[in-house]
Every structure is written in structure tokens, then in C-alpha cells.
Protein chains: 4
Amino acid sequence: MTTAVAPKHTSPFLSVSKHRMEALSDGVFAIVMTLLVLELKIPELARNVSVGDLGRALAHEAPVFFSFAITFMFASLFWYLHHVLLNFLTEFPRKLIVLNLAFLMFVSLLPFSVGVQGHFLRNPLAQTIYFSNQFAIATFLLLQWRLAHHLSVVTDPSGNDSRIFNVRLIALPVGTVLAIAVTWVNSIFSYYAFMMVMILSRAYTTRKYRKN
Amino acid sequence: MTTAVAPKHTSPFLSVSKHRMEALSDGVFAIVMTLLVLELKIPELARNVSVGDLGRALAHEAPVFFSFAITFMFASLFWYLHHVLLNFLTEFPRKLIVLNLAFLMFVSLLPFSVGVQGHFLRNPLAQTIYFSNQFAIATFLLLQWRLAHHLSVVTDPSGNDSRIFNVRLIALPVGTVLAIAVTWVNSIFSYYAFMMVMILSRAYTTRKYRKN
Amino acid sequence: MTTAVAPKHTSPFLSVSKHRMEALSDGVFAIVMTLLVLELKIPELARNVSVGDLGRALAHEAPVFFSFAITFMFASLFWYLHHVLLNFLTEFPRKLIVLNLAFLMFVSLLPFSVGVQGHFLRNPLAQTIYFSNQFAIATFLLLQWRLAHHLSVVTDPSGNDSRIFNVRLIALPVGTVLAIAVTWVNSIFSYYAFMMVMILSRAYTTRKYRKN
Amino acid sequence: MTTAVAPKHTSPFLSVSKHRMEALSDGVFAIVMTLLVLELKIPELARNVSVGDLGRALAHEAPVFFSFAITFMFASLFWYLHHVLLNFLTEFPRKLIVLNLAFLMFVSLLPFSVGVQGHFLRNPLAQTIYFSNQFAIATFLLLQWRLAHHLSVVTDPSGNDSRIFNVRLIALPVGTVLAIAVTWVNSIFSYYAFMMVMILSRAYTTRKYRKN
């Protein structure tokens, strides 16, 4: 995967190889995905607790487990999108480094925002923190993509794959902003609002670009 | 290990390289194996505690240590099986990504399910949670294997190595389901039931395929 | 990135490849960047807490969040400088291993020193611990750089890129020492002192070396 | 680093590449080195605590800091020895996998055994746990080395580098066993006993093999 092409935009010494940026990113994602399990606490009960009591104690953790699973999916999605973005790049220009590190910083905040959301599931502020985190991640991904176009380091920028990816990257911040708006009306519907944007954007790209 | 063969099933931009899927997986496994040690708590005793008191306090942690060791072995086993599975693949088709991420999600739940089992060692519900986690991991491994066959990305799918691996991957979910059933009768025997299935499946493959 | 050149300074068996030193370093950096989020505690409030109460509880965490963000940036900066340093090296001599591991040791102390600083933001001792940690990291980076010159394993050591990097590596320990001095006069100005040294050193290199 | 040589000892599908074994090992080492910092607790004091009180509170952590530093060095040493061992191997035979995973398991116990030792610094049982952990790590390294010789996968097994490495790998378990014996007489001298074995073994190899 590591391209041997000489970078155009920076001194070879001051540039970062795609390989090491991937290694750091994969490390951060692996930790973020796994740290979430620390939110799942073992119930403090006697060692000879009855099945019923243990079951009830674990049932209290269901919302935490639910947000763990949902967020594992989001972290996976961002990992995949980040991977696809790097697939498109012919090199990793120095100017993208800061955007990528900001992206990773908000990725590493996921366990916190998920913990807050998992504890206060129907609190619109908790939902806002959660979706704002996702918004920041998605935005720094989109900014990397746009800057990469601007610096002309994207392979086949007008191809169908590139255009589909573009729509997807725009749909994410739009969906999270909509989710934040909806959560202040009804916190339960925020997820559905987000999902609706995702599904619509996918339907749009399928209709528009898959035909050709 | 990273194959340079052009993927058949997906656009090269939207596909994930075996290399990065390995990097993410190795990261998750490394963390899961290491996080377990957090279950081992340092006894809260005076700094000048006697040898006898420290010994007694640490002896209380023996079951936790035991489940740490057992689970390190299970995580190692799954890491190895995942490695072998990727060895067989000529490419990493996009459709496998979701199955692989679901596999990793249940791998990252291991510290929790092991913690529950370590705290409530003779509770059948705790044992069920533990073996259900293993069942989910094993099943997503098996599903990847089956889908890879379906997509024709398996090297030498009718060879002996492939058949032996197939039996092993089927034995794991069977063994965990049996362990869950047995734990509700006698929680102590659940491990033995699981181990019995493993040993039988190994004896079967040795007899059937190693001869040729 | 991994150079296949035969090392000059050590037996090939006893030497460490750049690749594995990078892998260990990237792992440590990924963890350090992510561990910081553990300092952000989820408020212990009722699940049906009001938006106002949750907001006030989270506002108390603002200084911790602030130092998390600042330190993510510092860890990112050190990761980048470490990357650039390795870019300059034609091989990784055995004598650098100890310096690099000492560098990583102080990098892994960052979550602690940041935690201390985040909790006692206006305490000059807390600030001193924080900047001393940064000083140690920067110094071990500088020592690696100097030793690499001494061992003649730096590519183009008298080139402009190399000279600019040299000024930057010297500016960091100077800036942190100044910040430590300033914090005992006025803890608020310590950051500004540090930043001033960074900006001045950058202005100096731009004026002196970018022209040519 | 990844050798493309066809493995002699196992089916290519069932074998593990050196590359992935390195990746898992580097991950575990990076986490173990970094987890230790979790032993360093931020003092629970008022935010406007005086410099004197904060200093006294942090001074109480000196032994923990000391064992963090010592153990970072040990983990670094084992990482380096593991790296050298893999440098010598022409392939990674399947039979070594279990030994390597057992090695990693005891590496991941380091934060626990160090925590115990750091809390009960003059308790011979705590010292015994600490050095037993080091003994287990060293022994599984030695067993890998011996088995690799037995399987004839070591490059230049009778060369000087190989012989020096052999002496070093034998010195480690000897030194830890001596340290355990000494700790029951005087816990302070256990480190010196260990260090003495290390220095003697180094003097021996320098005298015997460096001359040629």
C-alpha cells in the first residue's frame, strides 16, 4: 500500500508516509473500539449471587451495552471511510497531517461522548455531545478529502467511485447536525433522523452513479 | 502477506487491504489480551503488610487470575484462527469487512464477559454470558470462512488443510453451545464439555485427513 | 520506508529495524493519545438529570478537556518530530535504541503529568511537572538527533531541511525550561512563554533557510 | 523483514508470518509499557492546593514512579531481546507460536506484578511475584530460542553473535531465581543480585567472544 512516489508538496524529510499515518490511526481506532468495553462494569454483588439477581443487575447495563455496540459500529464506519480516503490518495501531503490528527483526536473522544450518552440516554444535552463528536469526526474527514482535491493528490477525482464517496462524506455531517436539531424536540428520534439521511444519500448515489 | 492481486469483487478504492485489516485486528487483540490484567487488582493493604496477609489477599484473586489465563489462551486461539483464515484468502472482499468487524466487536467484549465469569464463577448465567461471547466470536469467524468460499476467494478450498480448518471452525460454536447447555446442569463441567468437543474434533481431523 | 541498507554500526542480528521501532513507537503514541480521554469522567448524576445540571457538571470538566486537547497536540507534535527524525536516518543504530526507549518512557508519562496539570491548573509545581515531562521528551529527541549526526547516519546533514529541523529540536527544550521558570512567577503566562519560543524559532528558520 | 522463504515445518496456511507475530507482540509491549502509568494516581486534593501539600502527596508516589521506570526498562529489554531473537530466525515455525504467546501473556502481567511490588516494596512475597514474572518471561524467551535451534531455523547458530545471545538468555532466568532467593534474606539486595548476574554474564561474553 505504501506508495513509493516522490511527494510533490513537501520535502521528503518533513513529510509523513501513508504507512505510518495508517499505523497511528489503526492504533487509535483499535484502542477506541476496545476502551468502550470499560464502560461495561461488572456488577458489585456477592460471588454466590442468584441467577435472578445477576440477571437484573446486568439488565441495568443494557443501555450501556447498546451504546457500546452502536459506537463500535460508528468507529468501524469511520475507520472504513478513513481507509477508503487513504486509498484514493496518491501521497499524504504535509498539510493533511494536522487535519488527520484532529480527526483522530475526536475519534479518541468517542468513549467519553458515548459514555455520557449511555448514562443519560434521554437527555438532549448528552445526545448533543454525542452527535457533536460524530460531527467533528465527519467534518475533519470531509476537510481532508476537500484539501486533497485542492492539492490534486486524489486518484481519478471525477470518477464515479470518487463522486459516490464525496456524497457519503457530505451526508455524515449533515446527518449529525439534523440529529442534534431533532434531539431537542424528541431525543428518541435523533437516531432515526441520522439514519434517514444516511439511507437517502445511499439511495441517491445508487440511482445517480451505479447506473453508468 | 499483502497480496498485490487486483480484487475481483469491489472497486479498488472501496476495498480494504488485508494489511490494514490485519493491523486493526492485531491492535484489538493486543489490547484485549492486555486489558484483562486490569481485572487483577492490587490488594489495598498497608505497605508494611506481613507476608501471610499479602499471600491470603492475593489468594482471593486466584479465580480472577485463572480466568485471565484461560481467556488469554482463548484470545490467542482466536487470533491464530483469524490469522489462518486470512492466510487462506486470496483477497479481502468488501462483504467480509462487516463480518470481520462484528468478530472484533465480540473479541473486545472478552474482558467484560471474562470479568463477569471470574467474579461469579459458579453462576450459570455468568458462564452463559462467557460462552455466548465465545460462541459469537466463533460464529463470525465461521461466517467469514463460509462467505469467503461462496465468493471463491479461498486458496485450494478442497485441500486437506482447508477441510481440517473447516472442521475446527465448526467445532468451536458447537462446543460453546454444548458448554452453555451443560452449565445449567453443573457449571463446573461446562469447561470439560467444551474441551471434549475440541479434542474430539481434533481426533476426527487427524484420523480423516492427516493420513493422505 | 524500511531501508534495506546493511547497517554499519552493529551486527545485523543485534540491531533493531526502523520498521519495528516505528511500530512500537506508533503503538505507544496511539495509546498515550487515547488514554488521556480516561481523565474525562462521566458525571455521577441520576439518569434523568436535567439539561442544566448535566451542563454544569460537564462545565467542571472544561479544564481537563482543555488539557486533553493541548496534550493531544503535544503528543501529535512529538509523534511528527519523531517521524521526521527517522526520515532523516539512513539506518537505526543500536546506540539510539536506549535514547528512543527513554523518549517513549517520557511520552508514556504524558497522561499522568497532564492529569496533574489539569487538576491543579494554577499550581506552579503541577505546571513544572507538566513542562518537565515535555522537556525530557524533547531532550531525548534532541539527543537522538545529535548522536545520529555523530554516528554519520543522517541524510544530507548540512542541507536546509536538516538545519531547520535542528533549530526546532533545540527550541523545544529551551521553550519548556523558560515555561518552567515563568510558571513560578505567574502560572498563566507559562504557556505563552513556551509558545513565544516556538514562534520565534519558526520565524528565525523561515528568515534564514527558506530564502535560499 | 518478512521473509518470503517457504516454511519448512508447517503448512503455509497454518503457519504464522513473522510480520504478524511482530505486530501482535509490538502491540502488547506498547500497551504494557503505557499501562504502567495508570499506577501513578493523581492526588485527590483541592484544586487550589499549596505547592508544599502537592509536593508531599506526589512524594508518596515516588516508589511507584521508581518501579514504573525500572519496569519500563525491563519491558524494553524484553522487547529488544524478542526482536533480536526474531532477527535470528529464518522462519517462524508453528511450534514456536504457543511459546511466544505464553511469553506475551507473562509480559502482559508485568503491570500487575509491578503494581504489587511498587505497593509492598519491602515485602519478600511481593518481590517474589515480581521476579517470578520476569523469570517466566525470560524462560519462555529461552525456550523459544532452544526450540528454534532444535528445529534448525536459526541463522548461523554457531556464530559469535548467536553464542553471546545464548549466554544473555540464560543469564536472565538465573538472575531472577537468584533475586528471588536473596529477597527472602534481604529484600533490598534482590535487585543488586539480579544486576550482578547481568554484569557478570556481559563481562563473560565480552572476554570470550568479542576478542575473535
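# Helices within chains, and chains around an axis

Helix α3 of chain A and helix α7 of chain A cross in a left-handed way. That is a good place to start looking at this structure, which is a predicted model. Helix α3(A) covers residues 62-88 and helix α7(A) covers residues 160-183. Their axes come within 12 Å and cross at roughly 145°. Which residues of α3(A) meet α7(A)? From α3(A), they are Leu77(A), Phe78(A), Leu81(A), Val84(A), Leu85(A) and Phe88(A). They meet Asp161(A), Ser162(A), Phe165(A), Arg168(A), Leu169(A) and Leu172(A) of α7(A). Sorted by class, the residues in this contact of α3(A) with α7(A) are 9 nonpolar, 1 polar and 2 charged.

Now step back and take in chain A as a whole. Chain A has 8 helices and 0 strands. If you follow chain A from its N terminus, the elements read α-α-α-α-α-α-α-α. Laid along the principal axes, the box that the C-alpha atoms of chain A fill is roughly 65 × 40 × 30 Å.

Let us look at another pair of helices in chain A. Helix α1(A), residues 18-35, packs with helix α4(A), residues 94-108, at an angle of about 10°, and their axes are 9 Å apart. How do α1(A) and α4(A) run relative to each other, roughly parallel or roughly antiparallel? An angle under 35 degrees counts as roughly parallel, and α1(A) and α4(A) are therefore roughly parallel to each other. On the α1(A) side, the contact is made by Met21(A), Leu24(A), Ser25(A), Val28(A), Phe29(A) and Val32(A). On the α4(A) side, you will find Ile97(A), Asn100(A), Leu101(A), Phe103(A), Leu104(A), Val107(A) and Ser108(A). The contact of α1(A) with α4(A) has 10 nonpolar and 3 polar residues, and no charged ones.

Next, move over to chain B. Here, helix α6(B) (residues 124-150) packs with helix α8(B) (residues 189-209) at an angle of about 25°, with their axes 11 Å apart. The rule about angles applies again, so α6(B) and α8(B) are roughly parallel to each other. Their crossing is right-handed. Three residues of α6(B), namely Gln127(B), Tyr130(B) and Phe131(B), meet Ser190(B), Tyr191(B) and Phe194(B) of α8(B). In this contact of α6(B) with α8(B) there are 4 nonpolar and 2 polar residues, with no charged residue.

How are the chains related to one another? As a general idea, two copies of a chain are related by a rotation about an axis and a shift along it. A turn of 90° and a shift of 0.0 Å along the axis lay chain A on chain B, with an RMSD of 0.0 Å. Within chain A, Gly27(A) has the C-alpha nearest that axis, 4.3 Å from it. Only 7% of the interface residues of chain A are also interface residues in chain B, so the copies meet through different surfaces.

You can do a similar exercise with chain D, which can be laid on chain C with an RMSD of 0.0 Å by a turn of 90° and a shift of 0.1 Å along the axis. Why a four-fold axis? The turn of 90° is the reason, because that is the relation of a four-fold axis. In chain D, Gly27(D) comes closest to the rotation axis, with its C-alpha at 4.3 Å.

Which chains touch, and which do not? Chain A and chain D do not touch, and their nearest C-alpha atoms are 9 Å apart. Likewise, no contact joins chain B and chain C, whose closest C-alpha atoms also lie 9 Å apart.

Finally, think about charge. The structure holds 8 salt bridges over all chains. One of them joins Asp26(B) and Arg20(D), with the closest N and O atoms 2.6 Å apart. This pair crosses between chains, from helix α1 (residues 18-35) of chain B to helix α1 (residues 18-35) of chain D.

Terms used: Residues numbered from 1 in each chain as written. Chains lettered and ligands numbered in written order. Predicted model: local features only at pLDDT ≥ 70, side-chain atom pairs only at ≥ 80, totals over all residues. Heavy atoms only, no water. Axes fitted to C-alpha atoms, helices over the stretch in contact; angles between N-to-C directions. Helix = DSSP H or I, 4+ residues; strand = E, 2+ residues; numbered from the N terminus. Parallel < 35°, antiparallel > 145°, perpendicular 65-115°, else oblique. Left-handed = near helix turned anticlockwise from the far one by under 90°. Contact = heavy atoms within 4.5 Å. Nonpolar A, V, L, I, M, F, W, Y, C, P; charged D, E, K, R; others polar. Least-squares fit on C-alpha atoms with pLDDT ≥ 70 in both. Salt bridge = Lys/Arg side-chain N within 4 Å of Asp/Glu carboxyl O.
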